[in-house]
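Trainee: Could you walk me through this protein model, one question at a time?
Mentor: Happily; let us put it on the screen.

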Amino acid sequence: GWRAWAFRIAWGVPVLFAHGLFLDRAALQELAQSGAVLAYCPASQLQFGFLGPFGEYLELGGRVTLGTDAVASNDVHSLQRELLFASGYGNLRASFG
């Protein structure tokens, strides 16, 4: 699980978590405090119907990077398109409940 990676963070090895879809608030807070980076891939998350904790992670002081995910969910790999989706995050969050 993710806690094994927390040890790497403690040893100074940079860690990047993709999506973080199923992490609870306590896990997000611990990771944010450790300096781990969360990759947010909005097009992929929309396609699969899971919206990641991008906003919550930022609120907790975490660092976020934008990604395009893999070819299975995104055949364009355009960061400009991802930025467009990310700019509408508030509307997406409202529609996901």
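What follows is a short set of questions and answers on the fold, the core, the side-chain pairs and the surface.

Mentor: Some ground rules before you ask. This is a predicted model, where local features need pLDDT of at least 70, side-chain atom pairs count only at pLDDT 80 or more, and totals for chains, interfaces and linings use all residues. Residues are numbered from 1 along each chain as its sequence is written, and side-chain values use heavy atoms, with hydrogens and water left out.

Trainee: Thanks! In what order do the elements of the protein chain run from the N terminus on?
Mentor: Helices (H or I, at least four residues) and strands (E, at least two) are DSSP runs, numbered from the N terminus. The protein chain has six helices and three strands. Read from the N terminus, their order is α-β-α-β-α-α-β-α-α.

Trainee: Which element gives the largest share of the largest nonpolar core?
Mentor: A nonpolar core is a set of buried Ala, Val, Leu, Ile, Met, Phe, Trp, Tyr and Cys residues joined through side-chain atoms within 4.5 Å. Buried means under 20% relative accessible area, exposed over 50%, and partly exposed in between (1.4 Å probe, protein chains only). The largest core here has 11 residues, among them Val15, Phe17, Leu28, Leu38 and Tyr57. Its largest share, four residues, comes from α2.

Trainee: Which rings form the aromatic pair, and how far apart are their centres?
Mentor: Rings of Phe, Tyr and Trp (its six-membered ring) pair if their centres lie within 6.5 Å; planes under 30 degrees apart count as stacked, over 60 as edge-to-face and the rest as tilted. The structure holds one such pair. Its planes are at 5 degrees, so the pair is stacked, and the rings are those of Tyr40 and Phe54, with centres 4.3 Å apart.

Trainee: How many residues apart in sequence are the parts that this aromatic pair ties together?
Mentor: Tyr40 is buried at 2% relative accessible area, and Phe54 is also buried, at 16%. Tyr40 lies in strand β2 (residues 37-40) and Phe54 in helix α4 (residues 54-59), so the parts tied together are 14 residues apart in sequence.

Trainee: Which side chains meet in a salt bridge?
Mentor: A salt bridge is a side-chain nitrogen of Lys or Arg within 4 Å of a carboxyl oxygen of Asp or Glu, and the count by this rule is one. The partner in helix α4 and the partner in helix α2 are 31 residues apart in sequence, so the pair ties those parts together. At 2.8 Å, N to O, the side chains that meet are Glu56 and Arg25.

Trainee: Is Phe22 buried or exposed?
Mentor: Phe22 sits in the loop between β1 (16-18) and α2 (25-34). With Phe48 and Phe50, Phe22 forms a nonpolar patch on the surface. At 70% relative accessibility, Phe22 counts as exposed.

Trainee: Leaving aside its neighbours within four places in sequence, which residues is Asp69 in contact with?
Mentor: Contact means heavy atoms within 4.5 Å. Asp69 is placed in the loop between β3 (63-66) and α5 (79-87), and Asp69 is partly exposed at 31% relative accessible area. Although 25 residues apart in sequence, Asp69 and Ser44 are 6.4 Å apart, C-alpha to C-alpha. With those neighbours left aside, the contacts of Asp69 are His19, Cys41, Ser44 and His77.

Methods: Patches are made of residues with over 30% relative accessible area and no salt bridge: like charges are joined within 9 Å, nonpolar side chains (Val, Leu, Ile, Met, Phe, Trp, Tyr) within 5 Å. Accessible areas come from the Shrake-Rupley method with a 1.4 Å probe; for residues, only the protein chains shown count as cover.
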